[in-house]
Amino acid sequence: MISSCVVSLLNKPSLFLKGSRRLHLLNKNAYINGQWVSAGSKAVFPVINPADDKVITEVPDMEAADAKAAVDAASSAFKTWKDTTAKERSYILRKWYDMCAKNTDHLAQIITAESGKPLAESKGEIVYGNSFLEWFADTARHINGEVIPSPWPNKTIMLTRQPLGVVSVITPWNFPFAMITRKVGALMAAGCTCVIKPAEDTPLTALAAAKLAEEAGVPKGVINVVTSSRKNAPAIGKVLCEDPNVGCISFTGSTHVGKILYGMASKGIKRVSLELGGNAPFIVFPSADIEHAAEHAMLAKFRNNGQACVGANRFLIHKDVFDTFVQAFKKRIAKGCIMGPGTKEGVTCGPLINTEQAKKVTGLVDDALSKGAKALIGGKPAVEIGSKFYESTILTDVKPEMKIYAEEIFGPVAVCHKFETEQEVVAIANGTRSGLGSYVFTKDLGQAFRMSRQLDFGMVAINDGILSAAEPAFGGIKESGIGREGSKHGVEEYTDIKYTLFSALDK
């Protein structure tokens with residue numbers, strides 16, 4: 001728990017930077033080629049605490065030239081990093097994991113300050129994000145090739161996996177630590193180097209992670225962090241996508257931005273790994289354990305206050321259990337969704353990340369209510385707490401003509417619909433261009449297998465509201481992305497397959 005004294009420090013940039021040893025991971029400079037640097041222009045931009053709208057500190061507002069310097073540093077470092085042994089890379093990743101584990105509290109304080117999520121949830125993100133460093137430290141030593149039986153008597157066919165080069169890592173604000181470790185752990189294990197462009201709302205976590213990587217012995221240039229305001233993001237994104245020294249773009253964020261980056265990457269026929277928007281259905285069949293489903297609905301919807309790409313967006317409830325489920329869900333929301341600043345004990349729901357997101361959620365709900373939807377709980381901003389807080393909400397009677405019917409909400413609003421048949425709910429669930437995560441609650445084993453097969457989503461959770469871990473392959477289909485993160489497949493995203501033919505072996 002952060003004391004009131006430390007909360008005061010968070011809201012005073014100069015004191016925060018000079019503050020207690022507990023806050024030693026806060027950096028106000030970017031990280032390029034092993035050096036903590038300012039922008040070439042010396043420009044800065046503020047990082048805001050969304051809970052109270054106060055400035056935490058200022059960081060470099062970098063431009064295209066700074067991004068180019070970071071790419072060049074990563075390209076130079078790749079020449080030696082790619083030739084390190086798998087054992088060496090594994091050792092360094094494990095040291096980075098150990099440093100992050102040791103500094104969980106420090107990292108969590110920074111995440112809460114800049115993203116607003118409750119401190120307990122920030123600590124959970126560190127554990128979750130760090131599991132990827134642990135996993136990829138092991139996976140680094142198991143990036144195997146193949147020897148294929150040859151059709152010729154005097155030849156041998158060999159396939160090997162080789163690192164593809166510099167990776168541009170563009171990360172979102174909702175999980176500012178975990179989205180870095182999930183990408184950077186994998187690419188480093190493969191032998192690649194990177195330039196990280198964190199979201200402008202949450203650059204401090206990225207800089208703290210880089211500091212711990214430096215202390216863990218990651219060589220200069222292997223990890224670089226470029227910070228910028230939203231104004232300069234397009235110019236930096238252009239460099240990170242189009243520079244000839246970049247071999248891959250790894251992006252987590254909105255489908256709209258993902259399409260833009262994909263277009264820029266296509267100019268150089270570059271590899272992309274895209275984890276984009278979701279519109280996850282949460283399906284409850286009559287055979288489900290309703291209390292269990294309601295409990296997991298809380299996890300699937302209100303994790304990070306609904307600001308998660310795999311967050312449940314559409315609750316599709318069979319008509320026979322609709323009222324029972326909605327009441328059980330409502331009861332849990334009333335008891336478990338406690339709004340406030342993330343540093344306050346007992347708080348489970350912090351603010352939305354910024355003014356734009358708060359306006360979006362408010363607009364979607366207001367539009368639905370004006371057209372006949374009903375709010376069973378919540379339904380309005382919690383302005384008495386702060387400018388970016390929104391009440392945890394259940395909406396019913398939502399119709400297709402309402403904006404919220406088809407759009408990803410990315411906020412604490414659960415839209416509940418009734419369905420009658422299995423065929424109907426599959427059609428509703430699949431009636432979107434998104435295809436990331438989905439959730440199904442049923443005790444019918446045959447039905448569970450049918451849902452796994454018929455739902456057009458990259459991930460299907462049966463009777464559980466949490467999907468992600470380091471071991472499975474995380475990713476979507478359709479417009480929810482390309483590629484997979486986590487698992488052994490997450491490392492393979494950052495490798496090229498090389499075919500070598502050995503001939504005249506009988507001479």
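## Exercises on pockets, cavities and helix packing

Helix α11 (residues 290-302) gives the second largest pocket the largest share of its lining, 4 residues. Helices here are DSSP runs of H or I with at least four residues, strands are runs of E with at least two, and both are numbered from the N terminus. Before we start, note that this is a predicted model, where local features need pLDDT of at least 70 and side-chain atom pairs count only at pLDDT 80 or more, while totals for chains, interfaces and linings use all residues. Residues are numbered from 1 along each chain as its sequence is written, and side-chain values use heavy atoms, with hydrogens and water left out.

### Exercise 1: the pockets

Find what lines the second largest pocket, then turn to the largest pocket.

Step 1. Fix the terms: on a 1 Å grid over the protein atoms alone, a pocket is an open set of points with protein on both sides within 12 Å along at least five of seven lines, a cavity is a set where a 1.4 Å probe fits but cannot get out, and lining residues have an atom within 4 Å of a point. A volume is the space filled by probe spheres set on the points, with grid points joined across faces, edges and corners.

Step 2. The second largest pocket holds about 310 Å³. Its lining consists of E121, E295, M298, L299, F302, R303, G336, C337, V347, T348, C349 and I466.

Step 3. Sort that lining by class (Ala, Val, Leu, Ile, Met, Phe, Trp, Tyr, Cys and Pro are nonpolar; Asp, Glu, Lys and Arg are charged; the others, Gly among them, are polar). You get 7 nonpolar, 2 polar and 3 charged residues.

Step 4. The largest pocket has a volume of about 1,300 Å³. It is lined by 48 residues, of which W173, F251, G253, S254 and V257 are the closest to its centre. Helix α10 supplies the largest share, 7 residues, and the lining as a whole splits into 21 nonpolar, 15 polar and 12 charged.

### Exercise 2: the cavities

How many cavities of 30 Å³ or more are there, and what lines the largest cavity?

Step 1. The count is 6 cavities of 30 Å³ or more.

Step 2. The largest cavity, of about 80 Å³, is lined by Y128, F175, M179, R182, R303, A308, C309, V310, S468 and F474.

Step 3. By class, its lining has 7 nonpolar, 1 polar and 2 charged residues.

### Exercise 3: two helix pairs

Describe how α4 packs with α6, and how α3 packs with α9.

Step 1. Axes are lines fitted to C-alpha atoms, for helices over the stretch in contact, and angles run from 0 to 180 degrees between N-to-C directions. Angles under 35 degrees count as roughly parallel, over 145 as roughly antiparallel, 65 to 115 as roughly perpendicular and the rest as oblique.

Step 2. The axes of α4 (residues 86-102) and α6 (residues 119-139) come within 8 Å and cross at roughly 165 degrees. The two helices are therefore roughly antiparallel.

Step 3. The contact (heavy atoms within 4.5 Å) involves S90, L93, R94, W96, Y97, C100 and A101 of α4 with I126, N130, L133, E134, F136, A137 and D138 of α6.

Step 4. Helix α3 (residues 64-81) packs against α9 at about 30 degrees, with the axes 8 Å apart. That makes α3 roughly parallel to α9.

Step 5. Here A64, A67, K68 and V71 of α3 meet A235, I236, V239 and L240 of α9. By class, this contact has 7 nonpolar, no polar and 1 charged residue.
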